[in-house]
Amino acid sequence: AGLPAGFYIITSEPASGDTGYMNWTQVKALNTQGFEVGSHTRTHPFLTQLTTAQQTTEINGSYSDLVAQGITPKSFVYPYGDESPTVEAAVKAAGYNVARGSYTGMNGTVSNRYALYDVRVDTTTSLATIQALVDQAKADKRWLVLEFHDVLNGGNTDSVTPAYFQSLI
């Protein structure tokens, strides 16, 4: 459909053999096709509950894991939206340009680029709601990030089915 998209990788998963996650070949193919591939840590922990050293291992380690696959990540998504000024500083120090938590809304020119907003789309989100958000973003000249946490059959309320995703597109 020509729409930009980002995929945020828990970097311990592509080599795990878990078929619920993409493997490295699939992740690299997305990157080659021009999609954004960013980081979602190595193991998906609550970052504010870790020591500074553990935060660094998760944040810098996931950056290094992606670089080792030929991908230079520019963006980071906090697992569970769990962030703090200390975590934000660690993400910035690791080399990411932007990061997103779980703040609902739109972004403007003065938004904190290490605490960007998004709108989660799930099984309860209607096409009319998405259209209204897009129209509002255009009218306000704001940046709208739509979050699709999972696109799969048989998921939970945080996911959408491939057929529903396609109908929204």
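Here is an exchange about helix H4, the nonpolar cores and the aromatic pairs of a predicted model.

Biologist: What kind of model is this, and how are residues numbered?
Modeller: The model is predicted; local features need pLDDT of at least 70, side-chain atom pairs count only at pLDDT 80 or more, and totals for chains, interfaces and linings use all residues. Side-chain values use heavy atoms, with hydrogens and water left out, and residues are numbered from 1 along each chain as its sequence is written.

Biologist: How far apart are the end C-alpha atoms of helix H4?
Modeller: Helices are DSSP runs of H or I with at least four residues, strands are runs of E with at least two, and both are numbered from the N terminus. H4 covers residues 127-140, 14 residues. The expected span is 1.5 Å times one less than the number of residues. That gives 20 Å, and the end C-alpha atoms agree at 20 Å.

Biologist: Within what arc do the buried residues of H4 fall?
Modeller: Buried means under 20% relative accessible area, exposed over 50%, and partly exposed in between, with a 1.4 Å probe and protein chains only. The buried residues of H4 are Ile 130, Leu 133 and Ala 137. They line one face of the helix, because, seen down the axis, they fall within an arc of 60°.

Biologist: What covers those buried residues of H4?
Modeller: Contact here means heavy atoms within 4.5 Å. The cover includes strand S5 (116-120), strand S6 (146-147) and helix H5 (162-168).

Biologist: Is Ala 139 buried or exposed?
Modeller: Ala 139 is found in helix H4. The face turned away from the buried side carries Ala 128, Lys 138 and Ala 139. Ala 139 has 62% relative accessibility, so it counts as exposed.

Biologist: Which element gives the largest share of the largest nonpolar core?
Modeller: A nonpolar core is a set of buried Ala, Val, Leu, Ile, Met, Phe, Trp, Tyr and Cys residues joined through side-chain atoms within 4.5 Å. The largest has 12 residues, among them Leu 47, Ile 59, Phe 76 and Val 91. Helix H2 (52-68) and helix H3 (85-94) are the elements that give two or more residues to this core. The largest share, four residues, comes from H3.

Biologist: How many residues are in the second core?
Modeller: This core is separate from the largest one. Its members include Trp 24, Val 27, Leu 30 and Val 37. The count is seven.

Biologist: What is the geometry of the Tyr 63 and Tyr 96 pair?
Modeller: Rings of Phe, Tyr and Trp (its six-membered ring) pair if their centres lie within 6.5 Å; planes under 30 degrees apart count as stacked, over 60 as edge-to-face and the rest as tilted. A search of the whole structure finds seven aromatic pairs. The centres of Tyr 63 and Tyr 96 are 5.2 Å apart and their planes are at 85°, so this pair is edge-to-face.

Biologist: How many residues apart in sequence are the parts that Phe 148 and Phe 165 tie together?
Modeller: These two rings are also edge-to-face, at 4.9 Å centre to centre and 90° between the planes. Phe 148 lies in the loop between S6 and strand S7 (150-151), and Phe 165 in helix H5, so the parts tied together are 17 residues apart.

Biologist: Which ring does the charged end of Arg 100 sit over?
Modeller: A charge sits over a ring if NZ of Lys or CZ of Arg is within 6 Å of the ring centre and within 35 degrees of the ring normal. The charged end of Arg 100 is 5.6 Å from the centre of the ring of Tyr 8.

Methods
Arc of directions from axis to C-beta.
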